[in-house]
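Biologist: I'd like to learn how to read a protein model feature by feature. Could you walk me through this one?

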Amino acid sequence: MKHTATAALALSWFKCRMVCPQRTTLLLLLAASAVFAADDAYRAQIEKDRRDTDEFLRSPRSPLLLVGRFSVNEGASTLGSDPASTIILPAKAPQHVGTLIRRGDRFTFQPVAGTSVSLNDKPISGSVTLQVTEPPMPTDRIGFGDFKFGIRPLSNEFSLLLSDAQSPFLKAFTGTTWFPIDLAYRVTAQFTPAPQQQTVLVPFTDGGEKTYMVRGDLVFQLAGQSFHLQALASSSGKGLFILFQDQTSGRETYGGGRFIEAETPENGRTTLDFNKATNPYCADDPYAVCPVPLKQNRLAVPIHAGEKHNGLEAAAH
């Protein structure tokens with residue numbers, strides 16, 4: 001598909017070269033040059049965003065470092081590779097790491113003597129209280145060897161998330177792949193805000209659910225058809241968060257759907273840019289837990305824009 005505004009300006013300038021006054025021709029030429037420059041700047045930014053995504057997924061902060069997810073029950077849980085541990089860690093972990101104690105939503109950790117343990121990369125030897133928060137806020141991290149863990153809440157439960165600097169999922173990652181940038185998939189959407197305090201339960205890939213604030217409904221045109229998507233509040237509290245599936249899902253793109261973020265609407269409008277559609281982390285790491293698009297956000301059209309997927313779905317653990 002071609003960007004219609006750019007094509008129209010170019011055609012107008014071509015037709016006008018022989019019959020229009022010189023001033024009109026110059027204005028059309030300047031307008032076309034401005035549009036081409038804006039398109040080039042847009043493409044350059046999208047390419048940069050894609051490189052940044054790839055670099056982040058390869059970085060020491062990569063979500064692909066995740067190698068384990070364990071429910072944390074009330075009371076004391078011992079951690080280690082010893083099969084007698086409450087939470088059994090991978091074989092290369094120390095046999096005994098320490099004891100995690102949960103009291104409601106409060107957590108403390110007592111390292112075992114003789115095992116080198118850190119809290120947020122600073123060595124500890126005694127009991128510590130752990131700060132536990134929801135993403136994207138930072139949560140305290142206990143480290144030992146190649147491993148680190150933090151506690152995260154989800155659906156009134158708490159999970160211990162274990163990462164490994166030598167994660168096989170990160171080693172298997174071959175890089176992100178994308179559809180070519182197509183300006184036809186950058187569309188203006190009409191926004192209708194939801195009633196105040198409207199919420200929806202969004203299912204997650206681990207079988208749990210999480211309550212999201214509904215921001216409103218988006219209606220847009222694509223390939224001559226009208227489509228509708230429900231927009232949620234983003235985790236940052238600003239803008240819109242959209243989960244969607246389309247007719248490429250499970251074929252050219254990740255079967256669990258993709259995400260887009262959009263700016264806060266102004267005058268009842270915002271831009272939906274499917275060139276910026278990205279995969280959830282669970283596309284490449286089976287221990288990541290991701291929200292699943294609701295039925296109303298399943299588009300009956302292929303969206304050949306944004307991030308692709310190699311078709312090898314991350315195996316459930």
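**Reading the model**

Modeller: Gladly. Cysteine 282 and cysteine 290 form a disulfide, with 2.4 Å between their sulfur atoms. Bear in mind that this is a predicted model.

Biologist: Why does that pair count as a disulfide?

Modeller: The general idea is a distance cut-off: two cysteine sulfur atoms must lie within 2.5 Å. At 2.4 Å, the sulfur atoms of cysteine 282 and cysteine 290 therefore qualify. By this rule the count comes to one disulfide.

Biologist: Are cysteine 282 and cysteine 290 buried or exposed?

Modeller: Both cysteines, 282 and 290, are buried. Across the chain, 45% of the 317 residues count as buried. The accessible surface of the chain is about 17200 Å², and carbon and sulfur atoms account for 54% of that.

Biologist: How many helices and strands are there in the chain?

Modeller: The chain has three helices and 18 strands. Six of the strands form an open sheet, in the order β1-β11-β10-β9-β6-β7, with antiparallel pairing.

Biologist: Which strands stand at the edges of that sheet?

Modeller: Look for strands with a single partner: here they are β1 (66-71) and β7 (122-124), so each has one side without a neighbour in the sheet. From one strand to the next, the twist averages 30°.

Biologist: How many bridges join β6 to β9?

Modeller: Two bridges link β6 (residues 117-119) with β9 (residues 142-144), and these strands run antiparallel. In that pairing, serine 118 stands opposite glycine 143 of β9.

Biologist: Back to the edge strand β1: why does leucine 66 count as buried?

Modeller: Buried means a relative accessible area under 20%. Leucine 66, which is found in strand β1, has 11%, so it is classed as buried.

Biologist: Which residues is leucine 66 in contact with, beyond its neighbours within four places in sequence?

Modeller: Among them are Leu161, Phe169, Asp285 and Tyr287. Leucine 161 is 95 residues away from leucine 66 along the chain, yet their C-alpha atoms are separated by 6.9 Å. For the chain as a whole, take contacts between residues at least 6 apart in sequence: 55% of these join residues at least 24 apart.

Biologist: Can we try one more residue? Where does serine 77 lie?

Modeller: Serine 77 sits in strand β2 (residues 75-80). Its relative accessible area is 4%, so serine 77 is buried as well. Setting aside neighbours within four places in sequence, serine 77 is in contact with Thr86, Ile87, Gly98, Thr99 and Leu100.

Definitions and conventions:
Residues numbered from 1 in each chain as written. Predicted model: local features only at pLDDT ≥ 70, side-chain atom pairs only at ≥ 80, totals over all residues. Heavy atoms only, no water. Helix = DSSP H or I, 4+ residues; strand = E, 2+ residues; numbered from the N terminus. Buried < 20%, exposed > 50% of the residue type's maximum accessible area, 1.4 Å probe, protein only. Contact = heavy atoms within 4.5 Å. Pairing = 2+ DSSP bridges. Axes fitted to C-alpha atoms, helices over the stretch in contact; angles between N-to-C directions. Areas by Shrake-Rupley, 256 points an atom, 1.4 Å probe, with all protein chains shown as cover.
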